Amino acid sequence: MRDIPLDSVPNQSLGVTLDENRWQLAFKEANGVMCVTITLNEVLLLSNQRLVANAPMIPYEYLQGFGGFILLTDNDELPYWTDFGLRHTLVYYSEDERNEDLS
């Protein structure tokens, strides 16, 4: 697993290459909740999906051959930008790590 740094700002985007794949993530605050848009190798996977604490951000059916992301929060708190990088941590896990957790 690998921590991906986030800033404590309401709207941000980042690009990162992990396991030879290019990920683009954009986080936005919308009416008091956080949403994410995820692109993998120039293909849009999710658009403005609401973030949920401590759960895979991308549904498993889209992850054949890829890793994924989880936003870890204390006590299953709803993710919110004011705690990004402080009490909320974005984590990337590889396909192998995901498969280990499922076995």
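## Salt bridges, charges and rings

D74, E77, D83 and R87 are linked in a network of salt bridges, in a model that is predicted. A search of the whole structure finds three salt bridges, and the table below sets out the pairs that involve R87.

| Salt bridge | N to O distance |
|---|---|
| R87 and E77 | 2.8 Å |
| D83 and R87 | 3.5 Å |
| D74 and R87 | 3.9 Å |

The bridge between D74 and R87, with its closest N and O atoms 3.9 Å apart, joins two residues that both lie in the loop between β6 and β7, so the pair ties together parts that are 13 residues apart in sequence. The bridge between R87 and E77, where the closest N and O atoms are 2.8 Å apart, also has both partners in the loop between β6 and β7, so this pair ties together parts that are 10 residues apart in sequence. The loop itself runs between β6 (68-72) and β7 (89-93), and D74 has its place there.

How buried or exposed is each member of the network? R87 counts as partly exposed, with a relative accessibility of 37%, and D74 is likewise partly exposed because its relative accessible area is 35%. E77 counts as partly exposed at 23% relative accessibility, whereas D83 is buried, with a relative accessible area of 17%; the reason is that buried means under 20% relative accessible area.

D74 can also be placed relative to T89, which is 15 residues away along the chain, and the C-alpha atoms of these two residues are separated by 9.5 Å.

Turning to charges elsewhere, D19, E20, D96 and E100 form a negative surface patch. Where does E20 lie? The residue E20 has its place in the loop between β2 (12-18) and β3 (21-30), and at 79% relative accessibility E20 counts as exposed, because exposed means over 50%.

The aromatic residues supply a further set of contacts, in which the count comes to five aromatic pairs. Ring pairs link W23, F69 and Y92 into a cluster; of these residues, F69 falls within the span given for β6 (68-72) and Y92 within the span given for β7 (89-93), while W23 falls within the span given for β3 (21-30).

Conventions. Residues numbered from 1 in each chain as written. Predicted model: local features only at pLDDT ≥ 70, side-chain atom pairs only at ≥ 80, totals over all residues. Heavy atoms only, no water. Phe/Tyr/Trp six-rings, centres within 6.5 Å; stacked < 30°, edge-to-face > 60°. Patch = residues over 30% accessible without salt bridge, like charges linked within 9 Å, V, L, I, M, F, W, Y side chains within 5 Å. Areas by Shrake-Rupley, 256 points an atom, 1.4 Å probe, with all protein chains shown as cover. Salt bridge = Lys/Arg side-chain N within 4 Å of Asp/Glu carboxyl O. Lys, Arg positive; Asp, Glu negative; His and termini not counted. Charge placed at Lys NZ, Arg CZ, Asp CG, Glu CD. Helix = DSSP H or I, 4+ residues; strand = E, 2+ residues; numbered from the N terminus. Buried < 20%, exposed > 50% of the residue type's maximum accessible area, 1.4 Å probe, protein only.
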